[in-house]
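Reader: I should be grateful for a close look at one part of this model. Please describe chain A and the way in which it meets its partner chain.

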Amino acid sequence: MVLTQFLVLGALLFSIGVYGLLSRRNAVTVLLAVELMLAAVNINLIAFEAFWNTAAAHGQIFAIFVITIAAAEVGIGLAIILLVFRNRASGNIDQLDLMRW
Amino acid sequence: MDLDYHALAPELVVAATILVVLGLDVALPRPRKYWTAFAGVLGLALAAVPLLTLAFGDGPETRSMLGGAYVVDGFALVLKAVFIVGGYLVLLMSVSYIESDRYYQGEYYLLMLTSILGSLVMASSRDLITLFVGLELVTGPLFLLAGWRKGDAKSNEASLKFFILGVLSTAILLYGMSFLYGLTGSVTFEGIREAGADLLDSGAFRLAVLFTLVGFGFKVTAVPFHFWAPDTYEGAPTPVTAYLSVGSKAAGFVGLLLLCYKALPSVTEIWGPALWVLAALSMTLGNLTALRQDNVVRMLAYSSIAQGGFILVPFAAAAVSNDPAVIQEAASATIVYVIIYAFMNLGAFGVVIAGARRTGSTMIDDWAGMWRYAPRLAVLGAMFFFSLAGIPPLAGWYAKFAMFLAILRPGNAWATALAVIAAVNAVIALVYYARIGKTMWMDHVPEGADTAGTVNPLTGSLALALGISALFVVVAGILPFEFAGVFADLAKVVTTGI
């Protein structure tokens, strides 16, 4: 069982997600970046699960909860983005500057 | 799989209430929607009953379920009581606020109760999966509640900012948790504690702990992870802000307590310095920025960041000492601070809701001379703000006293340095809390203010919420040691196994 390659893949995906989150200005793309980060978490969990190979399968259970909750969060996020888009006709998060300091 | 239904009863009652509210919301015509509020308030009050039977009944002290993943002990019970009472006060504050505008009442109570249910789950969670599910159950509904004023651009902005930083923090937290699981091979706190002791030198483990701390740092609005808080607090409806600053923040601290004292007590070298820095930064930056705010909600937002820093201080004391007595005192100081903070901050937000209704503004200057035309409100306002500042005989002084006692006990240079920073900050905080008091009591009423009093700012439910908070703040301030005696045993439960 080679663990490292999966962890490297996870770390790469996580870093791409962080980069996307910081560099992209469109709210939907930001949401996609967060999904990448959560995918990295799932890869880690499954890889560690295969590594430990216990009967309890905690890693897989954890991953299933992460997937489910990520789906719920996307639902919430898209609802909020739609709401913002309706009121301002723009999904650009740089324009959210009504409140500062 | 054996479930102890008595131990689960508070959660089950809240879950049943959620379903009842959902059903009522569908069944009732629009003019009768306020019944959902009654159902929510009543259900939450009922959920407190099994808490009492669990705490004072004959059963075992610790009830463990699902292979130790879900535990109901003294620590869980007290925090559940805080969440239920705090949630109850928020619901009471919401009733007239939500009715006064075109809000969706049924969904509001549904989401609020869901968030409270999440915090109940968190208090009992003893493994990473349950902790994570509980935390998401707390924050998920709050993303929506923050944007409750659908047509208001500020509320939209509050919601989106909160959401983006919220999911970012969740992702960071989960990445840390995946490594905690991967390196220790266990998701339960007990397993992590046993395996973690050998991993002290592992760089990956160090990183995993720090990632998890960053995730919780966002939830408890510790500087530098606080950016979302002032904007979200200002834009969200005020009762939601009150819940955010108390319920969801307390949930974050419960997570930190469980993680630091239950799962990672053997690696204090890793989390101790990190929390030391977070505490010092939160207190200082929160207080200095609060000084320059003109809007009372924004001022309370920064003040709650600073108070979060004070709550983090005892963690640093526990980190520098191996003496179980010191660690126990630190854990109990954090819990006591969270409880007292919950009541006084909810009270302060209740005053803001009433004051905003009376004057039509949340700018501090517009509240000038309030005691001339709304004396009861001015008295309550002064009470809660001075309690937040820590002036005896209001409860806030004891929270700070317990915090200083815990941090000075180890006699370590770093701990003492943090105590000095905390002391300076306690003085800075007094400036802006007292400024509101001065404005309300000594300044002249601004031109054109409506002093005739056409609106009654203290409706029944809001008055009840303020009354409960005020009673607690006074009684706990005058009889602090009787109050704290209850928590001495609890802290033992938190720190057993170190």
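Author: The following account takes chain A by itself, then its contacts with chain B, and then one helix pair.

The model is predicted: local features need pLDDT of at least 70, side-chain atom pairs count only at pLDDT 80 or more, and totals for chains, interfaces and linings use all residues. Residues are numbered from 1 along each chain as its sequence is written, while chains are lettered from A and ligands numbered from 1 in the order in which they are written.

Chain A contains 3 helices and 0 strands, where helices (H or I, at least four residues) and strands (E, at least two) are DSSP runs numbered from the N terminus. The order of its elements from the N terminus is α-α-α. Chain A has a radius of gyration of 17 Å, well over the 13 Å of the globule rule for 101 residues, so it is more spread out than a compact globule. That radius is taken over C-alpha atoms, and the rule is 2.2 Å times the number of residues to the power 0.38. The C-alpha trace of chain A spans about 50 × 25 × 25 Å along its principal axes.

Turning to the partner, 34 residues of chain A are in contact with 34 residues of chain B (C-beta atoms, placed from the backbone, within 7 Å). Helix 1 (4–23), helix 2 (27–52) and helix 3 (58–88) of chain A each give two or more residues to this side. Helix 3 of chain A supplies the largest share, 17 residues. The side of chain A that touches chain B has 27 nonpolar, 5 polar and 2 charged residues; Ala, Val, Leu, Ile, Met, Phe, Trp, Tyr, Cys and Pro count as nonpolar, Asp, Glu, Lys and Arg as charged, and the others, Gly among them, as polar.

One helix pair deserves particular attention. The axes of helix 3 of chain A and helix 5 (residues 128–146) of chain B come within 11 Å and cross at roughly 5°. These axes are lines fitted to C-alpha atoms over the stretch in contact, with angles from 0 to 180 degrees between N-to-C directions. Helix 3 of chain A and helix 5 of chain B are therefore roughly parallel to each other (angles under 35 degrees). Helix 3 of chain A contributes residues including A:Phe62, A:Phe65, A:Ile69 and A:Glu73 to the contact, and among those from helix 5 of chain B are B:Phe132, B:Glu136 and B:Gly140. By class, this contact has 13 nonpolar, 1 polar and 2 charged residues.

Notes. Two residues are in contact if their C-beta atoms, placed from the backbone, lie within 7 Å. Angles under 35 degrees count as roughly parallel, over 145 as roughly antiparallel, 65 to 115 as roughly perpendicular and the rest as oblique.
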